[in-house]
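Subject: Structure handover

Dear colleague,

Please find the structure we discussed below. My notes on it come after.

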Amino acid sequence: MALSTATRLSDEEKLEALRRLDQFRQWHSLNEKRYCLVCGKLISGRQIQVAGGTRGNGPLRLSCPTEKCNSIPMDWVLPTDEILAQVEKLAEEERKASALKPVGVAIGNGKTVHADKSHEHFVSQLRRLAFHLRRHSKAVPSNPYGP
Ligand SMILES: [Zn+2]
């Protein structure tokens, strides 16, 4: 069935449909959230699509709001702390993966700048040492008589 058959329901009717069709978990409000195991997204009761039953005789179906996700109410678990932590972890990893490159470059730049500075410092130290050695060698004439 195409999404065009989606039935427009009032909040009350929708909640009623959720309660009737989702026999696995209790729905107390449309603002309740479920974690869809199939697409890995948090969905709210309000977002869940109710389809079918347009002529009052077809069975209503609940479907995940995520495109191409064909999960059924059984796949929608209550978002416990554990699941929320898991979702957050996944989101964090995704963020890290997408931010890895720019962050790496920034760190590289910082290190490069730092390395340059200490390198400059090292070079100026060497110059000073060389200058000192040259003066010192001039101040002490080589032994004309030789060993
Ligand atoms: Zn889904």
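What follows is a description of the model, from the overall layout down to single residues.

The model is predicted, and it should be read as such.

**Overall layout**

The protein chain has 147 residues, of which 7% are buried. Its secondary structure amounts to two helices and five strands. Read from the N terminus, the order of elements is α-β-β-β-β-β-α. If contacts between residues at least 6 apart in sequence are taken, 58% of them join residues at least 24 apart.

**Helix α1**

Helix α1 covers residues 11-21, and its buried residues are Lys14, Ala17 and Leu18. Viewed down the helix axis, these buried residues fall within an arc of 100 degrees, so they line one face of α1. The background is that an α-helix has 3.6 residues a turn, so residues three or four places apart point the same way. Glu12 and Arg20, on the other side of α1, are exposed. What the buried residues of α1 pack against is a pair of strands, β3 (49-51) and β4 (61-63).

Leucine 18, in helix α1, can be followed further. Why does leucine 18 count as buried? A residue is buried if 20 or more other C-beta atoms lie within 10 Å of its own, and leucine 18 has 26. Leaving out residues up to four places away in sequence, leucine 18 touches Trp27, Gly45, Ile48 and Leu62. For leucine 62, the C-alpha separation from leucine 18 is 7.4 Å, with their positions 44 residues apart along the chain.

Glutamine 49 belongs to strand β3. Its C-alpha atom is 9.7 Å from that of leucine 18, and the two residues are 31 apart in sequence. Glutamine 49 has 16 other C-beta atoms within 10 Å and is therefore partly exposed.

**The nonpolar core**

Which residues form the largest nonpolar core? There are six: Ala17, Leu18, Ile43, Ile48, Leu62 and Cys64. Ala17 and Leu18 are among the buried residues of α1, while Leu62 falls within the range of β4 (61-63) and Ile43 within that of β2 (42-44). Isoleucine 48 is in contact with Leu18, Ile43, Leu62, Cys64 and Pro65, its neighbours within four places in sequence being left aside.

**The sheet**

Three strands make an open sheet in the order β2-β1-β5, and the pairing is antiparallel. β2 (42-44) and β5 (76-77) are the edge strands; each has a single partner strand, so one side of each lacks a neighbour in the sheet.

Strand β1 (residues 33-36) is joined to β2 by three bridges. One of the residue pairs to look at is arginine 34 with isoleucine 43, its bridge partner in β2. Isoleucine 43 is also a member of the largest nonpolar core. Between the strands of the β1 and β2 hairpin there are five residues, and glycine 40 in this hairpin has a positive phi near 70 degrees.

The pairing of β1 with β5 is antiparallel and rests on two bridges. Here cysteine 36 has tryptophan 76 of β5 as its bridge partner.

**Two loop residues**

Aspartate 22 is in the loop between α1 and β1. With 18 C-beta neighbours inside 10 Å, aspartate 22 is classed as partly exposed. Apart from residues up to four places away in sequence, aspartate 22 touches Trp27, Leu62 and Pro73. Proline 73 is 51 residues from aspartate 22 along the chain, yet their C-alpha atoms are separated by 5.4 Å. Trp27 and Leu62 also appear among the residues that leucine 18 touches.

Lysine 68 sits in the loop between β4 and β5. Is lysine 68 buried or exposed? With 7 C-beta neighbours inside 10 Å, lysine 68 counts as exposed. Its phi is positive, about 65 degrees, although lysine 68 is not a glycine. For comparison, most residues other than glycine have a negative phi.

Regards

Technical notes:
Residues are numbered from 1 along each chain as its sequence is written. This is a predicted model: local features need pLDDT of at least 70, side-chain atom pairs count only at pLDDT 80 or more; totals for chains, interfaces and linings use all residues. A nonpolar core is a set of buried Ala, Val, Leu, Ile, Met, Phe, Trp, Tyr and Cys residues joined through C-beta atoms within 7 Å. A residue is buried if 20 or more other C-beta atoms lie within 10 Å of its own, exposed if 12 or fewer, and partly exposed in between; C-beta atoms are placed from the backbone. Two residues are in contact if their C-beta atoms, placed from the backbone, lie within 7 Å. Helices (H or I, at least four residues) and strands (E, at least two) are DSSP runs, numbered from the N terminus. The arc is that of the directions from the helix axis to the C-beta atoms. Two strands pair if DSSP finds at least two bridges between them.
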